[in-house]
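Please read the points below alongside the sequence and the model. They are arranged by element and by residue, so that each can be checked in turn.

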Amino acid sequence: MQQHDCSPLSDYIEYPEAEMLERSQDFYNQVKRRHSIRSFSDRPVDKEVIENCLKAAGTAPSGANHQPWHFVAVSSAGIKKKIREQAEFHERGFYEGRAGEEWLEALKDLGTDADKPYLEHAPWLIAIFSQKKGGITKVGSKGESEEDKKTNYYVHESVGIATGILITALHNAGLATLTHTPKPMSFLNKVCLRGDNERAYMLLIAGYPNKDATVPAHAQVKKSLEDIATFL
């Protein structure tokens, strides 16, 4: 490797093989209880829980460590209402034909439609944005802040990994989630006051499941290990 500023790996923990196997099985048992739901309670969730989950997402690996993501956590009833109005407006066009027959047929088993009441009912919406440029804010020789505006790399991959960690962190905390990607999503930039350097990546709904929450049978069918992995 090239010369670079670094420090020893000091926080790695190695587990005995038996414990490693047990931990891997325990994690699988926990994460397989994660389900996307579409009926959320309006029961409040402490902001600090969301903050901790966002900090967990921020540990994700990224191209050149530029961390090309920004999360807008929305609890304001007024802003949630605006998001719902805009999302449903675009979703109506989607379900009325813009998506195409094949896509709409694929969604039938999930029972989805243009109505998105959970966008107002859930206590938190997290709008996830990817950033074209950025990097890490540096400190100049005189202590002043020098913002790095260089090109970000592997943006889609990096934000996808961070989003996966965020979903898992919210599930680990005891919350239910739903990924939502209205087409188009550009309205989120305006509603969430984000600039041209950012692109809406996903809207994540988070909160407690409502008593009537269900999981579509189709969503419970997961491919086998043989279908998703090859060992060479």
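1. Helix 3, residues 77-98, has a length that agrees with its residue count: at 1.5 Å a residue its 22 residues should span 32 Å, and its end C-alpha atoms are 30 Å apart. The comparison is made on a predicted model, as are all the points that follow. Within helix 3 the buried positions are Lys80, Ile83, Ala87, Glu88, His90, Glu91 and Phe94, a list that holds charged residues such as Lys80 and Glu88 as well as Ile83 and Phe94. Just after the helix, Gly100 adopts a positive phi of about 95 degrees.

2. Strand 8, residues 198-207, deserves attention as an element that is mostly covered, with 9 of its 10 residues buried. Strand 8 is joined to strand 2, residues 124-131, by 8 bridges, and the two run antiparallel; within this pairing, Phe129 has Ala200 as its bridge partner. Strand 8 also pairs with strand 7, residues 176-180, again in the antiparallel sense and over 5 bridges, and here the bridge partner of His180 is Leu203.

3. Which residues of the largest nonpolar core touch the most other members? In this core of 23 residues they are Ile50, Phe71, Ile126, Ile128, Leu166, Leu170 and Leu204. Two or more residues are given to the core by each of helix 2 (47-57), strand 1 (69-74), strand 2, helix 6 (155-173) and strand 8, and the largest share, 7 residues, comes from helix 6. A second core of 22 residues is separate from this one, and its members include Leu178, Cys192, Ala200 and Ile205.

4. Leu170 may be a useful residue from which to inspect the packing. Not counting residues up to four places away in sequence, Leu170 touches Ile50, Cys53, Ile126, Leu175, Thr177, Leu204 and Ala206. Among these, Ile50, Ile126 and Leu204 are listed with Leu170 as residues that touch the most other members of the largest core.

5. Two residues in the loop between helix 1 (17-31) and helix 2 can be read together, namely Arg38 and Ser41. Arg38 counts as partly exposed because its relative accessibility is 32%, whereas Ser41, with a relative accessible area of 15%, is buried. Leaving aside neighbours within four places in sequence, Arg38 is in contact with Thr112, Tyr118 and Leu178, and its C-alpha atom is separated by 9.7 Å from that of Asp212, although the two residues are 174 places apart along the chain. With the same neighbours left aside, Ser41 is in contact with His121, Ala122, Pro123, Tyr208, Pro209 and Asn210. A polar atom of the Ser41 side chain also lies 2.9 Å from the backbone nitrogen of Arg43.

6. How many disulfides does the model contain? The count comes to 0. For Cys192 the reason can be given directly: the closest cysteine sulfur, in Cys53, is 19 Å from its own, which is too far for a bond, since a disulfide requires sulfur atoms within 2.5 Å. Cys192 is buried, with a relative accessible area of 9%, while Cys6 counts as exposed at 56% relative accessibility.

Terms used: Residues are numbered from 1 along each chain as its sequence is written. This is a predicted model: local features need pLDDT of at least 70, side-chain atom pairs count only at pLDDT 80 or more; totals for chains, interfaces and linings use all residues. Side-chain values use heavy atoms; hydrogens and water are left out. Helices (H or I, at least four residues) and strands (E, at least two) are DSSP runs, numbered from the N terminus. The expected span of a helix is 1.5 Å times one less than its number of residues. Buried means under 20% relative accessible area, exposed over 50%, partly exposed in between (1.4 Å probe, protein chains only). Two strands pair if DSSP finds at least two bridges between them. A nonpolar core is a set of buried Ala, Val, Leu, Ile, Met, Phe, Trp, Tyr and Cys residues joined through side-chain atoms within 4.5 Å. Contact means heavy atoms within 4.5 Å. A polar contact is a pair of N or O atoms within 3.5 Å; within protein, one must be able to donate a hydrogen and the other to accept it, and residues adjacent in sequence count only if both atoms are side-chain atoms.
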